[in-house]
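Trainee: I would like a close look at a single part of this model. Please take one strand and go through its neighbours and its residues in order.

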Amino acid sequence: TVLHNTIPSYATDRTGLCTVTLIFGLVLRNDPATLACITHLVEHVVLYMVEHLPLLLGGVVDDDSVKFHATGDAEEVAQFLNAVAVAVSGFSSVPEEVFSREKSVIEAEDPSAFCTVSNGLLTNRFGANGLGVGHFGATATTGMRLAEAVEWVDRWFTAENAAVTFTGRIPGSLDIRLPSGKVPLREVHPQVIDSPTVVRSPKAGVALSLLVPAEFSSLLGEALYR
């Protein structure tokens with residue numbers, strides 16, 4: 001474990017093909033309802049700016065972070081991480097046509113999210129905050145402005161909110177330079193519904209929404225399976 005330009009970096013002492021990630025500590029539930037899907041949109045735009053590199057690469061917004069990843073020669077994947085950092089740092093110069101195109105790509109991935117305010121039980125339980133945003137519709141994405149995305153990047157995509165991983169040795173060519181900022185404040189939102197409740201849904205069938213402490217999740221999954 002080392003610091004690379006103030007960014008915590010984790011590596012292993014091995015050779016061969018290398019998989020790297022640049023991780024940012026934010027998720028869909030950090031999106032405000034008025035900007036639902038903005039994190040996903042930023043991830044798309046950044047990846048578009050670097051996808052010309054001849055590597056196996058990608059990006060994902062999951063339950064605990066945003067990750068940009070690539071696999072290849074150590075020097076090549078270091079170039080990828082450098083390019084992601086450049087795209088993040090220069091996000092304000094993203095062309096409007098690129099921003100608009102990536103909105104269309106996201107809509108093509110999940111058209112139903114663009115025509116409904118909520119499509120999941122977590123929004124019923126938490127409202128349009130916290131975990132509830134994870135199932136909140138992306139109807140606001142259509143009117144989202146580039147300036148709003150730039151402000152979002154300035155807040156969350158900083159050196160203080162990032163980490164790097166290498167499944168090999170960190171090459172000398174790695175030079176990730178991210179904007180500096182404050183450590184983001186993460187709010188904890190209480191449940192709107194905290195007792196057993198039947199919620200009507202336009203969907204067919206029956207769905208059960210359960211929240212348990214993380215250490216019991218495997219047991220719950222096994223119980224539901226059986």
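Mentor: What follows is a walk around strand S5, then a look at a pair of helices.

The model is a predicted one, and that applies to everything below. Strand S5 covers residues 66–72. On one side, look at strand S4, residues 56–61. S4 and S5 run antiparallel and are joined by 6 bridges. To find one place where the two strands face each other, go to Val60, which stands opposite Lys67 in S5. The two strands form a hairpin, with 4 residues between them.

S5 also pairs with strand S3, residues 18–24. This pairing is antiparallel as well, over 7 bridges. Two facing positions help to line it up: Phe24 stands opposite Val66 in S5, and Thr21 stands opposite His69 in S5. Thr21 is useful a second time, since it also stands opposite Thr165 in strand S6. S6 takes in residues 162–166 and pairs with S3 in the antiparallel sense over 5 bridges. S3 is mostly covered, with 5 of its 7 residues buried.

Now turn to the two faces of S5. The covered face holds Val66, Phe68, Ala70 and Gly72. The uncovered face holds Lys67, His69 and Thr71.

Gly72, on the covered face, deserves a separate look. Its relative accessible area is 7%, and buried means under 20%, so Gly72 counts as buried. Which residues does it touch, leaving out those up to four places away in sequence? They are Leu17, Cys18, Leu55 and Val77. Take Leu55 as an example: it is 17 residues from Gly72 along the chain, yet the C-alpha atoms of the two are separated by 6.5 Å.

The helices come last. Helix H1 spans residues 38–50 and helix H2 spans residues 74–89. Their axes come within 9 Å and cross at roughly 125°. An angle between 115 and 145 degrees falls outside the parallel, perpendicular and antiparallel ranges, so H1 is oblique to H2. The crossing is right-handed. On the H1 side, the contact is made by Val46, Met49 and Val50. On the H2 side, Phe80, Ala83, Val84, Ala87 and Val88 take part. Sorted by type, the residues of this contact come to 8 nonpolar, no polar and no charged.

Conventions: Residues are numbered from 1 along each chain as its sequence is written. This is a predicted model: local features need pLDDT of at least 70, side-chain atom pairs count only at pLDDT 80 or more; totals for chains, interfaces and linings use all residues. Side-chain values use heavy atoms; hydrogens and water are left out. Axes are lines fitted to C-alpha atoms, for helices over the stretch in contact, and angles run from 0 to 180 degrees between N-to-C directions. Angles under 35 degrees count as roughly parallel, over 145 as roughly antiparallel, 65 to 115 as roughly perpendicular and the rest as oblique. A crossing is left-handed if the near helix is turned anticlockwise from the far one by less than a right angle, and right-handed if clockwise. Contact means heavy atoms within 4.5 Å. Ala, Val, Leu, Ile, Met, Phe, Trp, Tyr, Cys and Pro count as nonpolar, Asp, Glu, Lys and Arg as charged, and the others, Gly among them, as polar. Buried means under 20% relative accessible area, exposed over 50%, partly exposed in between (1.4 Å probe, protein chains only). Two strands pair if DSSP finds at least two bridges between them.
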